[in-house]
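Student: I would like a close look at one part of this model. Please start with the pockets, and then follow the chain from there.

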Amino acid sequence: MSFAFKGHGPLDYKLVTYEGSQMRFRGPQIDRTKPFLLCLGGSETFGKFVPQPYPDRLSAMLGRPVANMAAMNAGLELALGDGAIADAMSRAEAIVLQITGAHHLTNRFYQVHPRRNDRFLQPSDILRVIYREVDFTDFHFSRHMLEHLLTCSEDRFQIVVDELKMAWMARMRSLLNRAIRPVHLLWIGHRPLAETGYCRELGADPLFVTKGMLEEIAAQAGSLTICVTTREEQQKPTRGMFFGLGEEKIARALLGPDIHVRAARDLSEKILKL
């Protein structure tokens, strides 16, 4: 058995529900009739295995309640389609939006689950024509499916990537247009911001989002914060994390507490300036 701290078991995320949603979000429960901040995003914002993810630390630094309405493996599909998130966006004093990958979106080529955005549901007729040799019933997750398409043909795969990029840009603009208050964008993860979203392999999230794409979107946002894991954090990926038997491999792919501290500090400085 392996735990990040000897003598401690897996975390209790104190999952909560909000009216208008089928999702269970990480606690604490926030009273949305009173002033609060809102954090949206995927696995990194949810903070699996991390005792205090950056939304909690941001709350402590600013002395204001912060609703963590992120979800594991979520993308923009959840943020745009969830009723409770829409309500929270209309009430929040400020919004932090984690940049998530373009592969977690329903698009012209395939459909993802509206809540579990990493789940691949079905391909479109167009994708079946482009990849006649592929049996799409073999795939349950969009990343797995995309990895296979890349091995089949880089040229055809680029057509899919171009569609995902266009879908991502359109959905990001749609979400930012919905927001009444400032939206603070957060790039957080293992992958540095670059002009290329992938190379000969998919690599780390957020998939297919490039520097140029993010800069264009950031012009419509309140601020942009970039937090990338340091070499030390990459060498000790599970330091400060709580996880149970058989979960170390999963924990090593996620983010530890150190980068959450930096993200909260940088975000707090930008939010306080407004």
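Tutor: A pocket here is an open set of grid points with protein on both sides within 12 Å along at least five of seven lines. Its volume is the space filled by probe spheres set on those points. Keep in mind that this is a predicted model.

By that rule, the largest pocket holds about 650 Å³ of space. Its lining takes in 30 residues. Nearest the centre lie E44, N73, R143, D205 and L254. Four helices and strands each supply at least two lining residues: α1 (43–46), α6 (142–152), β6 (183–189) and α10 (248–253). Of the contributors, α6 gives the most, with four residues. By class, the lining has 11 nonpolar, 12 polar and seven charged residues.

Now the second largest pocket. Its volume is about 240 Å³. M23, R24, F46 and K48 are among its lining residues. So are A70, A71, M72 and N73. H113, R115, R116 and D118 complete the list. The classes here are five nonpolar, two polar and five charged. Note N73. It lies near the centre of the largest pocket as one of the five nearest residues, and it also lines the second largest pocket.

Next, look at N117. Its place is the loop between β4 (110–112) and β5 (120–123). Is N117 buried or exposed? N117 counts as buried, because its relative accessible area is 0% and the cut-off for buried is under 20%. Two polar contacts involve its side chain. One reaches the backbone nitrogen of G75, at 2.8 Å. In the other, a polar atom of the N117 side chain lies 2.8 Å from the backbone oxygen of H113. H113 is also in the lining of the second largest pocket. Beyond its neighbours within four places in sequence, N117 is in contact with N73, A74, G75, L76, E77 and L78. H104, V112 and S142 are also in contact with N117. N73 on that list takes you back to both pockets.

H104 is worth a stop of its own. This residue sits in the loop between β3 and β4. With a relative accessible area of 8%, H104 is buried. The H104 side chain makes a polar contact of 3.4 Å with the side chain of H103. Set aside neighbours within four places in sequence, and the contacts of H104 include N73, A74, G75 and E77. V112, N117, D118 and S142 are in contact with H104 too. Compare the two contact lists: N73, A74, G75, E77, V112 and S142 appear for N117 and again for H104.

Several residues around N117 also face a closed space. The count comes to one cavity of 30 Å³ or more. About 60 Å³ of space lies in the largest cavity. L40, G41, M69, A74, G75 and L76 are among its lining residues. The rest of that lining is L78, A79, I85, L97, Q98 and T100. Two elements give two or more residues each: α3 (76–81) and β3 (94–98). With three residues, α3 gives the most. No charged residue appears in this lining; eight are nonpolar and four polar. A74, G75, L76 and L78 line the cavity, and these four are also in contact with N117.

One more stop, on α6. T151 is found in this helix. T151 is exposed, because its relative accessible area is 63% and exposed means over 50%. The T151 side chain reaches the backbone oxygen of H148 at 2.6 Å. The C-alpha atoms of T151 and E201 are 8.8 Å apart, although 50 residues separate the two along the chain.

Finally, step back to the whole chain. It has 11 helices and seven strands. Buried residues make up 51% of the 274. The C-alpha atoms fill a box of roughly 55 × 45 × 35 Å along the principal axes. The radius of gyration is 18 Å, which agrees with the value near 19 Å for a compact globule of 274 residues. Of the contacts between residues at least 6 apart in sequence, 70% join residues at least 24 apart.

Key. Residues are numbered from 1 along each chain as its sequence is written. This is a predicted model: local features need pLDDT of at least 70, side-chain atom pairs count only at pLDDT 80 or more; totals for chains, interfaces and linings use all residues. Side-chain values use heavy atoms; hydrogens and water are left out. Buried means under 20% relative accessible area, exposed over 50%, partly exposed in between (1.4 Å probe, protein chains only). A polar contact is a pair of N or O atoms within 3.5 Å; within protein, one must be able to donate a hydrogen and the other to accept it, and residues adjacent in sequence count only if both atoms are side-chain atoms. Contact means heavy atoms within 4.5 Å. On a 1 Å grid over the protein atoms alone, a cavity is a set of points where a 1.4 Å probe fits but cannot get out, and a pocket is an open set with protein on both sides within 12 Å along at least five of seven lines; lining residues have an atom within 4 Å of a point. Ala, Val, Leu, Ile, Met, Phe, Trp, Tyr, Cys and Pro count as nonpolar, Asp, Glu, Lys and Arg as charged, and the others, Gly among them, as polar. The radius of gyration is taken over C-alpha atoms; the globule rule is 2.2 Å times the number of residues to the power 0.38.
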